[in-house]
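Q: Please take a close look at a single part of this structure, its largest nonpolar core, and set that part in the context of the chain.

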Amino acid sequence: MKDRIQYRLLFLCWLVIVMCSKSMGQNSPTDSQISIDTHNKQIIQILVEIHKTYDISMSYDEQIFNKNIIYSRSFNKSSLEEVLNYLLKDSNIGFTIINRALIFYKEDKTFTIKGRVVDSLSGENLIGATLLIAEKSKSSFSNKYGFYSLTLPLETNVCVVSYVGYKTKIVRFSPDMEFGTFLIKLSPLDMNLSEIVINGDSIGRSKQLQVLNGKIDWNRARRSSFYKGEADIIKVLQMQNGVNGLTEGGSNLFVRGSGKDQNLILLDEAVVYNPSHLFGLTSVFNPDILKHTQIYKDAIPSNFGGRISSIMEMSTRDGDVNTIHVFGGASLLVARIGAEGPLIKKGKGSFLVTARSSISNVFNKEYRLFNVKGNYSDYNAKLNYAIGDRHRVYVSGYVGKDKVVAPNKNTNHWGNWASTLRWNYVHSPRLFMNLSAIFSNYSNRLDISKPESSENRTWLTQIRDFSLKTDFTYFGGLDRMLDFGVQGTLHRFKPGEISPVDLAKEENIFRAQAYEYAGYASFNWKIDSSFRVVLGTRLNAFYSTSFGQYYLLNNQYKVLAGDLDKKKTYYGIEPRFSFQYKFADAYYARISYNRIYQYLQLLQNDELAFSSLEAWIPAGQNIKPQYTDAVSFRINRMINGGYIAIDGYWKKMKNQVELIDHAQLILNPFIETQIKQGNGRVYGLEFSFNKRVGPFEGTVLYSYSRSFRKIVGINKGNEYVANYDIPHVAKVSLSYDINKTIHLNTFYVLQSGRPLTYPMGFTEYEGIVMPIYSDRNSHRMPIFSRFDMSCSFDLETKKQREKGRLNTLNIGLYNVFDRHNPLYYSFLESGDGTPIVKQTSFSGIVPSVNYAIRF
């Protein structure tokens with residue numbers, strides 16, 4: 001019985017094989033030899049003729065075929081497959097065979113266009129330009145090197161390209177453009193006229209969203225009134241909602257209730273540790289060469305890390321690839337000069353070099369500042385060259401120097417030095433890679449003169465970074481983009497050294513070294529016309545070590561021992577996400593969450609905003625890394641010519657660093673005993689309104705923000721407001737274009753005074769008079785306000801402007817109402833032991849003049 005079953009199974013298998021072989025041996029319909037003339041016929045007519053003549057079954061929907069195509073070829077004894085390939089060439093129609101019948105269907109065929117978005121005059125890459133396929137309600141963006149990649153349906157696609165400060169352009173992409181690189185050239189928007197968008201509300205909203213999301217329109221912003229006329233991007237950032245300067249005239253940034261060292265400031269990818277020239281009167285960023293500036297206060301992308309508050313990303317211009325230009329200008333503070341032009345071959349590369357130098361002693365009695373002499377200079381250089389269509393190399397560098405000489409001949413030198421080497425590589429039409437080698441250095445040297453001795457001494461602080469990073473961008477299709485990469489950084493620290501050192505009495509702060517590694521991935525996906533999600537994560541590791549003697553602190557921050565293990569490693573996982581939803585056509589809502597770790601700490605007495613003496617130290621055995629969990633939301637409505645927005649945020653901050661009372665930071669080898677760590681919390685609301693009506697444009701900003709800290713051992717362990725807690729801030733900007741060449745601008749700010757810790761009296765201890773302080777930050781400075789106004793004149797002709805030439809004069813008044821806002825207070829002892837308060841103010845009304853030229 002068992003054998004019969006086996007034989008029957010074998011017989012069935014043999015029968016199946018025979019039947020399959022027979023069917024496989026039959027000719028496929030596509031192998032049929034046919035003869036047909038397709039001249040002056042549509043595809044439906046041809047298919048019907050084939051069906052009737054050769055009895056070949058077919059199934060299709062006539063709607064999928066393009067009936068506008070007329071064919072013009074004859075076939076004689078050709079295979080049906082050859083005929084069909086001819087008929088369906090360059091279409092998104094495919095066919096298959098089921099039961100010897102031809103089934104036609106619409107394929108999801110695509111093609112990919114890649115290239116760069118550039119300035120039509122100079123060839124400059126435009127970062128973050130929006131490319132909208134209006135018919136599909138989908139979009140993409142150019143990356144930080146202007147590169148874009150679009151995967152489109154196999155048909156002609158209409159793409160609308162927009163960028164802040166540039167005219168919107170309509171481009172048509174067809175499948176025959178797939179190979180090679182396609183440049184999209186945008187023309188600069190005539191700043192004298194508002195742009196008119198026809199049938200493109202979504203395009204106008206795209207530009208408004210770019211501004212609302214932190215992109216700075218520098219060409220417009222530099223028309224504002226600045227101290228002595230020198231245009232400054234840091235002062236422009238201080239005009240934004242949620243961003244404040246602690247005192248007037250400083251270049252520090254305090255973003256949404258966080259400290260100045262909790263902001264990451266990048267110039268061409270290199271870290272700038274101190275953005276100030278002349279103690280903050282102006283910044284290190286040359287206004288003539290800024291191309292792109294973006295501030296991230298929330299929804300921070302995963303490719304950024306290391307600071308828990310905000311990211312300020314700045315890029316300089318690459319230089320004109322077509323024409324040589326000389327440019328420059330002067331204000332009452334600074335003189336500037338620069339040159340740019342093609343490198344080796346027009347259109348392939350370019351160079352740019354600049355130099356700036358202060359031209360007056362700004363620290364003089366006229367402006368009621370310090371009785372010292374100060375000056376600065378800085379230099380920028382940048383080269384780039386394209387090697388074929390897939391490779392481009394960039395080299396950029398910055399050097400800045402400040403010098404201040406006091407009446408006693410003590411001299412303070414400080415400055416930044418940064419350089420970046422970058423290689424762009426288009427690996428495939430969808431995959432872009434950038435490899436960067438980055439160097440950053442900040443140092444501060446104080447030369448101390450002794451009148452009674454010929455011996456001079458030097459106090460030095462320094463931080464130096466060496467970084468290597470690789471970033472990839474994969475364009476997965478319209479509204480789908482994947483960013484990922486890795487970075488490694490070597491930090492070297494000199495927190496404070498005096499030379500020569502008196503070993504019998506003095507000991508320098510120990511040097512330190514740390515390695516920081518990070519890897520990240522972020523996926524940006526617009527799911528449909530209403531919903532966009534950005535999901536990302538960042539993994540980091542921090543390995544810290546110290547040179548020389550090391551020590552460990554107990555719970556009371558007392559030194560326990562020396563020569564212990566000098567190494568300490570920390571790890572962190574940083575989830576990031578944001579969700580954006582568009583509803584009711586013009587309304588947008590977004591919610592985001594960030595966790596970020598910070599491993600570097602700045603030790604500095606914040607009582608004087610102009611101080612440049614900064615000591616950076618790493619997390620290690622005694623200092624835990626700071627980290628924050630931040631949640632934020634935004635609801636905004638786009639209106640004709642503007643927007644209305646409400647933002648809210650909440651931050652939970654751990655391991656915040658605070659100096660103890662009477663902290664001693666100089667010549668203290670145990671500097672970590674001068675700090676304590678604890679928790680912080682920040683919350684706030686921001687309201688923004690912007691509207692343009694004809695030649696008028698107005699912006700009204702208001703923010704309510706609170707920042708608190710609670711640290712054991714400070715303020716008796718009770719919670720207190722942070723040094724940069726500014727509850728109420730209102731800012732109003734108004735502009736009016738009198739005509740095509742004359743523009744008026746005003747800016748007004750009104751804000752709460754910053755917190756202070758007043759001395760209640762004085763006491764004498766071992767012959768030294770010491771103040772007795774009240775509760776920490778229990779007092780405030782008076783309300784701060786300032787009104788500025790300026791008038792700019794565009795002196796170049798329209799024809800000159802079209803050739804990239806510039807001739808602009810800006811005059812105005814800084815602090816029109818002559819407000820003497822306090823810079824700081826000095827406390828002196830009176831005869832009865834009560835303190836005498838002396839206020840030092842910044843400046844009263846100051847004229848503002850700036851002239852810029854480019855030819």
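A: The secondary structure of the chain comes to 7 helices and 53 strands, where helices (H or I, at least four residues) and strands (E, at least two) are DSSP runs numbered from the N terminus. This is a predicted model, in which local features need pLDDT of at least 70 and side-chain atom pairs count only at pLDDT 80 or more, while totals for chains, interfaces and linings use all residues. Residues are numbered from 1 along each chain as its sequence is written, and side-chain values use heavy atoms, with hydrogens and water left out.

Of the 855 residues in the chain, 53% are buried, that is, under 20% relative accessible area, as against exposed at over 50% and partly exposed in between (1.4 Å probe, protein chains only). Among contacts (heavy atoms within 4.5 Å) with a separation of 6 or more, 65% join residues 24 or more positions apart.

The largest nonpolar core has 30 residues. Such a core is a set of buried Ala, Val, Leu, Ile, Met, Phe, Trp, Tyr and Cys residues joined through side-chain atoms within 4.5 Å. Tyr273, Ile463, Phe493, Leu600 and Trp616 have the most contacts inside this core. At least two core residues come from each of strand E15 (263-267), strand E30 (512-526), strand E35 (587-598), strand E36 (600-603) and strand E39 (642-659). In soluble globular proteins, nonpolar side chains tend to be buried together.

Ile463 gives a local view of this core. Leaving aside residues up to four places away in sequence, Ile463 touches Tyr273, Phe493, Leu600 and Trp616, and also Ser440, Asn441, Tyr442 and Arg492. Apart from the largest core lies another, of 28 residues, which includes Ile216, Val284, Ile295 and Met312.

Aromatic rings offer a further view of the side chains. The whole structure holds 35 aromatic pairs; rings of Phe, Tyr and Trp (its six-membered ring) pair if their centres lie within 6.5 Å, with planes under 30 degrees apart counted as stacked, over 60 as edge-to-face and the rest as tilted. Through ring pairs, Tyr145, Phe147, Tyr394, Phe432 and Phe475 form a cluster.

Two arginines are placed over rings, a term that requires NZ of Lys or CZ of Arg within 6 Å of the ring centre and within 35 degrees of the ring normal. The charged end of Arg317 sits over the ring of Phe327, 5.4 Å from its centre, and Arg776 lies over the face of Tyr720, at 5.9 Å from the ring centre.
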